[in-house]
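This report covers two topics. One is how two domains of a chain meet, and the other is how protein meets DNA.

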4 protein chains.
Amino acid sequence: MIRGAVALFKQKGYHRTTTREIAKEAGFSIGTLYEYIRTKEDVLYLVCDSIYEEVQQRLSGIAQQEGSLEGLEKAIRQYYELIDEMQDEFVVMYQESKSLPKDALEYVLNKELEMVALFENILRDCQKAGEIHVKDESISLAAHHLVIQGQMWAFRRWGLHSHYTLDQFMDDQLQWLLHGIKGNGGTT
Amino acid sequence: MIRGAVALFKQKGYHRTTTREIAKEAGFSIGTLYEYIRTKEDVLYLVCDSIYEEVQQRLSGIAQQEGSLEGLEKAIRQYYELIDEMQDEFVVMYQESKSLPKDALEYVLNKELEMVALFENILRDCQKAGEIHVKDESISLAAHHLVIQGQMWAFRRWGLHSHYTLDQFMDDQLQWLLHGIKGNGGTT
Amino acid sequence: MIRGAVALFKQKGYHRTTTREIAKEAGFSIGTLYEYIRTKEDVLYLVCDSIYEEVQQRLSGIAQQEGSLEGLEKAIRQYYELIDEMQDEFVVMYQESKSLPKDALEYVLNKELEMVALFENILRDCQKAGEIHVKDESISLAAHHLVIQGQMWAFRRWGLHSHYTLDQFMDDQLQWLLHGIKGNGGTT
Amino acid sequence: MIRGAVALFKQKGYHRTTTREIAKEAGFSIGTLYEYIRTKEDVLYLVCDSIYEEVQQRLSGIAQQEGSLEGLEKAIRQYYELIDEMQDEFVVMYQESKSLPKDALEYVLNKELEMVALFENILRDCQKAGEIHVKDESISLAAHHLVIQGQMWAFRRWGLHSHYTLDQFMDDQLQWLLHGIKGNGGTT
DNA sequence: AATGAATGAGTATTCATTCAT
DNA sequence: GATGAATGAATACTCATTCAT
């Protein structure tokens, strides 16, 4: 059901997608749809939740390579590839999550912060290991950056995909990032 | 009318805002509203258009300082300040523009590309002037970057404003950017 | 609109009557119906209210003939005739008022109590004038009686109209009532 | 099941009670509920029927004391007590029976007429025994009266229970009735 | 016999849009 | 020009009923 809903939301947006369409796409009747959800908003919530679920699951292996630059790079590449594969999901989530009820929205934003924290930790490990040198205050910002940089690949496909392949994009982004980090980006 | 509509869209989103509300907020009747527009979508279009109008107007002075790093920095700071002041507008535009009819959307995306091009030109001028050294292919990407980096200040206020002031954010971003650019970001 | 709604409610009951039917019967579109009401329950409320409105208006002249038995009789006859003419309305009101939201229901029950009070006052006047002799506690009960006795003509048409004309019914009821009242109904 | 249904109908009304709720309250699944009934209306029918069943059962002993005034009084008191105990049931039945399909409604109204007839017979016996003196045409009316008077205790609890105890109410009603009957209520 | 998942017709309500005044 | 009453298509959600297990 969630896959179908994502497809519809992507195509027509959350508001223009009817519950009947969601049900039909999922292959059952509205009646049955409403066995699973209580509100149309629930669908949106489930969609957002499942996206983070998958993201977290697919990034779960990342944090291991403690403190090495290769580890960082690998993590980032994995993240970029993930986004490339889940473009639609990301776009939907970022454009529609505002329609979530307040508490659901908070829950979702929290998940996003967890994702940022994931990279923040990796960076901090690298810092500890002496592999990078960034002002302490800049680490969280760098993590935010990194996360957004990746999402940019999804949001701005209309502007980017015509000029770059994912690999070009990743390489370029990484160079930027690592260059700033390895040296002493953000220091005296 | 547009100001009122932005306020409403920001608060309730485009779909949840009724034409009646837009009219009332603007201070005239629906009948009169429909003298100015043909469709609710028109309001959204007008909103998006007016935002870019203002952005372009306020960034118009930028391109002059040809090729100097200070010019670049000044342009960027001006852009960031602009975004800070127009946060709501930016958020609305990026979250709702997907609801525009196809051609209007294209028009709007084009405006966005023009904005990117603006910075691209500045960067290219700097490159020509020998102030920065970036791979040619990376310049457009850097411009994209730069534009998004700024928008991030609007989109992610929930995550950023609690940790950074605008000035901190700007300084940090600039250091990242200039560090990568001045050196030889993206080269061997 | 109200007349139409009464007709429909009478025929199919409140729950089985759709808002569309109400609108159509009233001669306008649902959209327009919802200019006048906010909720289907509002229709029911309006129906109930208008019934009491009419009842009170039509009984307003009654209270004048202070204390005479003829006054009492006249009042009662007027009330019975009123009920005869508004049978449908009464039946609808008593069968459907339970579907009113709590506060509306209270409001309606209050109106009913006002009607009872109307007769209570007449009876009290007669008592004062020495025309009837009833235990004080019984007066309110007698008023309740009297009001219900009349409504019975509406509720139980299926049982009564085949055996009695309104006049027979009125005469009989009056004799019962007056007999009990004139003598010393409810005393030693 | 019926008890449960009555409780639900009393609380929320027939239309607002779902078959699922009825099943759950009865302690089995909807599937099983539909083994016993064919239609939701059937539940209402069963409810109404069972009420009359109980009423008739509990009043069955009444008709014996032929022709005595005490017998009449006893019968009436028994009836009033019955109603007091079955208030909810009566209220439900009278407010919801209109939702029965035509033939079921007729059946139920017939049961009601049987109840009236029960008292009619008692009255007639008293008449024959010379204990009361009422115009022949008035006997059926008096029976209707008597039946309604009792139901009034259930329908109008909101207006009566705050002012009277059941005993006060019964006494008062009886005095009215007997006074009218014993003398020559309704004669020349 | 019993279950409860599946169905889909049915309904209240909203809201963009029109047009007579 | 301006108004706002009127429209009715569109939509989320409910619930009686069925039937495969």
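A salt bridge joins the side chains of A:E54 and A:R3, with 2.8 Å from N to O. The model is predicted, and side-chain atom pairs count only at pLDDT 80 or more.

## Domain contact in chain A

Chain A is split into domain 1, residues 1-38, and domain 2, residues 40-182. Their C-alpha centres are 27 Å apart. What do the two domains of chain A bury between them? The figure is about 1,500 Å², and carbon and sulfur atoms carry 67% of that area.

The contact involves 16 residues of domain 1 of chain A and 14 residues of domain 2 of chain A. Between these domains there are 3 salt bridges. The count of residue pairs in polar contact is 8, with both residues at pLDDT 80 or more.

Which elements of domain 1 of chain A give two or more residues to the side that touches domain 2? They are α1 (2-12) and α2 (19-26) of chain A. The largest share comes from α1(A), with 6 residues. By class, this side of domain 1 of chain A has 9 nonpolar, 4 polar and 3 charged residues.

## DNA strand E

DNA strand E is surrounded by 28 residues. The closest are A:G31, A:T32, B:T19, C:Y34 and D:T32. Where do the atoms of DNA strand E within 4 Å of the protein belong? Sugar or phosphate holds 60% of them, and bases hold the rest.

Backbone atoms of the protein reach both phosphate and base. For B:T19, a backbone N or O atom lies 2.7 Å from a phosphate oxygen of DNA strand E. For B:K40, a polar backbone atom is 2.8 Å from a phosphate oxygen of that strand. On the base side, a polar backbone atom of D:G31 is 3.2 Å from a base nitrogen of DNA strand E.

The elements giving two or more residues to the surface near DNA strand E come from chains A, B, C and D. Chain A gives α3 (30-36), as does chain D. Chains B and C each give α2 (19-26) and α3 (30-36). The largest share, 4 residues, is that of α3(A). This surface divides into 8 nonpolar, 14 polar and 6 charged residues.

## DNA strand F

DNA strand F has 28 residues around it. A:Y34, B:T32, C:G31, C:T32 and D:T19 are the closest. Of the atoms of DNA strand F that come within 4 Å of the protein, 59% are sugar and phosphate.

Which residues place a polar backbone atom by a phosphate oxygen of DNA strand F? A:T19 does so at 3.0 Å, and A:K40 does so at 2.8 Å. C:G31 has a polar backbone atom 3.2 Å from a base nitrogen of DNA strand F.

Here α2 and α3 of chain A each give two or more residues to the surface near DNA strand F. So do α3 of chain B, α3 of chain C, and α2 (19-26) and α3 of chain D. α3(C) gives the most, with 4 residues. The classes on this surface are 8 nonpolar, 14 polar and 6 charged residues.

## Backbone contacts to DNA

| Residue (backbone atom) | DNA atom | Distance |
|---|---|---|
| B:T19 | phosphate oxygen, DNA strand E | 2.7 Å |
| B:K40 | phosphate oxygen, DNA strand E | 2.8 Å |
| D:G31 | base nitrogen, DNA strand E | 3.2 Å |
| A:T19 | phosphate oxygen, DNA strand F | 3.0 Å |
| A:K40 | phosphate oxygen, DNA strand F | 2.8 Å |
| C:G31 | base nitrogen, DNA strand F | 3.2 Å |

Terms used: Residues numbered from 1 in each chain as written. Chains lettered and ligands numbered in written order. Predicted model: local features only at pLDDT ≥ 70, side-chain atom pairs only at ≥ 80, totals over all residues. Heavy atoms only, no water. Domains from an automatic or database assignment. Contact = heavy atoms within 4.5 Å. Buried area = accessible area lost by both parts, 1.4 Å probe. Salt bridge = Lys/Arg side-chain N within 4 Å of Asp/Glu carboxyl O. Polar contact = N/O pair within 3.5 Å; in protein donor to acceptor, adjacent residues only side chain to side chain. Nonpolar A, V, L, I, M, F, W, Y, C, P; charged D, E, K, R; others polar. Near = heavy atom within 4 Å.
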